[in-house]
Amino acid sequence: MDVITMPSTYSLLNRLRRDFPGFRFEKSTGFWWSAAGQTIHIDPLADNCDVFTLHELSHAILGHRGYEYDIDLVKLERDAWEYARNILGSEYDVTINEQIIQDNLDTYREWLHARSTCPDCEATGLQTKQQTYRCLACGHLWRVNEARLCALRRYSLQTK
Ligand SMILES: [Zn+2]
Ligand SMILES: [Zn+2]
């Protein structure tokens with residue numbers, strides 16, 4: 001049986017560029033949406049490139065610009081996945097399976113858990129400001145770094 005290999009990502013990209021002239025699509029070493037530059041960064045060599053491209057486009061269409069509290073980032077990610085799967089996936093004929101979504105959201109859930117765990121007593125802290133948490137059990141305060149949309153790597157716990 002003859003199999004015709006389509007450079008699917010490139011044809012998808014061409015369609016997206018045509019359909020969304022207000023956004024820029026730029027090849028990068030990862031996937032993220034930059035609201036400031038109205039730019040969708042995509043990594044053409046990555047696994048499931050089409051899936052993640054539609055996910056980033058969803059952030060763009062939904063007008064995601066940033067977040068104040070970490071928990072909000074998890075919600076933005078979930079919203080972008082829902083839009084990608086329910087709207088863009090069928091529109092562009094890209095299957096987005098639930099496992100990819102859950103694996104990706106797990107990254108954010110683990111990130112949130114790691115950031116909100118007190119380094120002193122391991123109780124859960126409350127985020128009081130954009131980059132500050134306070135432990136509900138022992139009162140310890142700690143700072144966290146800013147994270148941009150969709151640029152999370154697997155978070156490793158800092159050693160004390
Ligand atoms: Zn504590
Ligand atoms: Zn995202």
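**Figure 1. Burial and overall make-up of the protein.** Of the 160 residues of the protein, 43% count as buried. The model is predicted. The protein contains 4 helices and 6 strands, and from the N terminus on these elements run α-β-β-β-α-α-α-β-β-β. Contacts between residues at least 6 apart in sequence join residues at least 24 apart in 49% of cases. About 9700 Å² of the protein is exposed, and carbon and sulfur atoms supply 49% of that area.

**Figure 2. The zinc site.** Four cysteine sulfur atoms coordinate the zinc ion (ligand 1): the SG atoms of Cys-118, Cys-121, Cys-135 and Cys-138, at 2.3 to 2.4 Å. Along the chain, the donors of the zinc ion (ligand 1) follow the spacing C-x2-C-x13-C-x2-C. The angles among the 4 donor atoms are 100 to 120 degrees, and the site is tetrahedral. For four tetrahedral donors the ideal angle is 109.5 degrees. Two of the donor residues can be set side by side for their cover: Cys-118 counts as buried because its relative accessibility is 2%, whereas Cys-121 is partly exposed, with a relative accessible area of 37%.

**Figure 3. Asp-43 in the loop ahead of helix α2.** Asp-43 lies in the loop between β3 (39-42) and α2. Asp-43 counts as buried because its relative accessibility is 17%, and the cut-off for burial is under 20%. Apart from neighbours within four places in sequence, the contacts of Asp-43 are Ser-28, Thr-29, Gly-30, Phe-31 and Cys-49. Cys-49 is also among the buried residues of α2.

**Figure 4. Helix α2, a mostly covered helix.** Helix α2 has 13 residues, and its span from first C-alpha to last is 18 Å, close to the 18 Å expected at 1.5 Å a residue. In α2, 12 of the 13 residues are buried. Among them are Cys-49, Val-51, Phe-52, Leu-54 and Leu-57, together with Asp-50, His-55, Glu-56 and His-59. Just after α2 comes Gly-63, with a positive phi of about 75 degrees.

**Figure 5. Helix α3 and its kink.** Helix α3 covers residues 70-91, which makes 22 residues, and reaches 31 Å from its first C-alpha to its last, close to the 32 Å expected at 1.5 Å a residue. A kink of about 35 degrees in α3 is centred on Ala-84. Ala-84 is one of the buried residues of this helix, which also include Asp-70, Leu-73, Glu-77, Ala-80, Trp-81 and Leu-88. In an α-helix, residues three or four places apart point the same way, because there are 3.6 residues a turn. The buried residues of α3 pack against two helices, α2 (49-61) and α4 (98-116), and two strands, β4 (125-129) and β5 (132-135). Asp-93 follows α3 and has a positive phi, near 60 degrees.

**Figure 6. Helix α4 and what covers it.** Helix α4 has 19 residues and reaches 26 Å from its first C-alpha to its last, close to the 27 Å expected at 1.5 Å a residue. Buried residues of α4 include Ile-100, Ile-101, Leu-105, Tyr-108, Trp-111 and Leu-112, as well as Asn-104, Thr-107 and Arg-115. The cover over the buried residues of α4 includes helices α2 and α3 and strands β4, β5 and β6 (141-143).

Notes:
Residues are numbered from 1 along each chain as its sequence is written. Chains are lettered from A and ligands numbered from 1 in the order in which they are written. This is a predicted model: local features need pLDDT of at least 70, side-chain atom pairs count only at pLDDT 80 or more; totals for chains, interfaces and linings use all residues. Side-chain values use heavy atoms; hydrogens and water are left out. Donors are N, O and S atoms within 2.8 Å of the metal (3.2 Å for Na, K and Ca); water is not among the atoms, so sites may look incomplete. Four donors count as tetrahedral if all angles lie between 85 and 135 degrees; four count as square planar and six as octahedral if opposite donors are over 155 degrees apart and all others between 65 and 115; anything else is irregular. Buried means under 20% relative accessible area, exposed over 50%, partly exposed in between (1.4 Å probe, protein chains only). The expected span of a helix is 1.5 Å times one less than its number of residues. The bend at a residue is the angle between axes fitted to the seven residues ending there and the seven starting there. Contact means heavy atoms within 4.5 Å. Accessible areas come from the Shrake-Rupley method with a 1.4 Å probe; for residues, only the protein chains shown count as cover.
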